[in-house]
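Trainee: I'd like to learn how to read a fold from its coordinates. Could we start with a helix and work outward?

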Amino acid sequence: MPVWYLLMKGRNYRSPSGQAFTRMKYIHGSPAPKVSKFNMGDLSMQFARRIRLVAREHVQIRHNALESARVSANKVLTDRWGETGYRLQLCVYPHIILRENKMIATAGADRLQEGMRRAFGKPTGRAARVENGQDLFIIYVPEDGVETAKKALEVAGTKMPMKTRIIVEEPSRTANTRRSLAIAQA
């Protein structure tokens with residue numbers, strides 16, 4: 001078998017099967033998540049529109065894919081609005097610790113391998129498990145920034161390992177609706 005066939009790729013971790021290993025206390029040597037920031041832009045200002053990137057499948061997303069999507073979406077937004085004309089929020093955290101049982105695939109390596117004996121594997125990365133319909137990114141922008149935010153989320157969606165959908169909302173109406181429902185029920 002060729003060596004490239006045995007290498008672990010991002011697509012090998014896409015399906016969320018098996019037990020989720022999240023306890024850092026028991027799995028030593030796990031790498032830190034590559035995601036550096038979860039909230040960017042102006043965090044104190046209220047904006048007129050909320051645009052969400054929503055997952056359409058149940059998958060695992062590796063931490064380097066999340067960071068790549070965050071950087072590309074933030075670049076589109078800062079080019080148009082600067083540092084304070086928007087708010088970008090990453091909604092998932094890579095808790096799942098990914099492991100790999102590394103095998104040597106060269107000639108004469110049969111005495112060095114253990115095969116499936118002690119095959120728990122070494123930690124190689126992190127991932128976030130995402131359900132169908134779960135928010136991945138939320139962007140808050142003014143009225144005239146909806147097209148730019150859609151473009152930013154389209155670019156971020158291309159970095160994700162599944163199909164996504166973009167939803168545009170008015171956050172003030174949803175908050176007022178929830179408040180009026182709570183008052184009506186009381």
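Mentor: Sure. Keep in mind that this is a predicted model. Take H3: its buried residues are Val146, Thr148, Ala149, Ala152, Leu153, Ala156 and Gly157.

Trainee: How do I make sense of that spacing?

Mentor: An α-helix has 3.6 residues a turn, so residues three or four places apart point the same way. Here, Ala149, Ala152 and Ala156 are among the buried ones in H3.

Trainee: What do the buried residues of H3 pack against?

Mentor: They pack against E2, H2, E7 and E8. As for the helix as a whole, H3 lies across E2, E7 and E8 and runs at about 20 degrees to E2.

Trainee: How far apart should the ends of H3 be?

Mentor: Use the rise per residue. At 1.5 Å a residue, the 13 residues of H3 should span 18 Å, and the end C-alpha atoms are 19 Å apart, so the two agree.

Trainee: Next, the sheet. What is the strand order?

Mentor: Read it from one side to the other: E1-E4-E7-E2-E8, an open sheet of five strands with antiparallel pairing. The edges are E1 (39–41) and E8 (164–169), each pairing on one side only. From one strand to the next, the twist averages 15 degrees.

Trainee: And where does H2 sit on the sheet?

Mentor: H2 packs on it by touching E1, E4 and E7, and the direction of H2 makes about 175 degrees with that of E4.

Trainee: Can we zoom in on one strand pair?

Mentor: Try E2 and E8, which pair in the antiparallel sense over six bridges. Leu53 stands opposite Ile166 in E8.

Trainee: Now the core. Which residues have the most contacts inside the largest nonpolar core?

Mentor: That core has 31 residues, and the best-connected are Ile61, Leu66, Leu88, Leu136, Phe137, Ile139 and Met160. At least two residues each come from E2, E3, H2, E4, E6, E7 and H3. H2 gives the most, with seven residues.

Trainee: What does Met160 touch?

Mentor: Leaving out residues up to four places away in sequence, Met160 touches Ile61, Ala65, Leu66, Ala69, Leu136 and Phe137.

Trainee: One last spot: is Gly125 buried or exposed?

Mentor: Check the relative accessibility. Gly125 is at 0%, so this glycine counts as buried. Gly125 has its place in strand E6. With the same sequence cut-off of four places, Gly125 touches Pro31, His63, Ile96, Ile97 and Leu98. Glu100 is 25 residues from Gly125 in sequence, and their C-alpha atoms are 9.2 Å apart in space.

Definitions and conventions:
Residues are numbered from 1 along each chain as its sequence is written. This is a predicted model: local features need pLDDT of at least 70, side-chain atom pairs count only at pLDDT 80 or more; totals for chains, interfaces and linings use all residues. Side-chain values use heavy atoms; hydrogens and water are left out. A nonpolar core is a set of buried Ala, Val, Leu, Ile, Met, Phe, Trp, Tyr and Cys residues joined through side-chain atoms within 4.5 Å. Buried means under 20% relative accessible area, exposed over 50%, partly exposed in between (1.4 Å probe, protein chains only). Helices (H or I, at least four residues) and strands (E, at least two) are DSSP runs, numbered from the N terminus. Contact means heavy atoms within 4.5 Å. Two strands pair if DSSP finds at least two bridges between them. Axes are lines fitted to C-alpha atoms, for helices over the stretch in contact, and angles run from 0 to 180 degrees between N-to-C directions. The expected span of a helix is 1.5 Å times one less than its number of residues.
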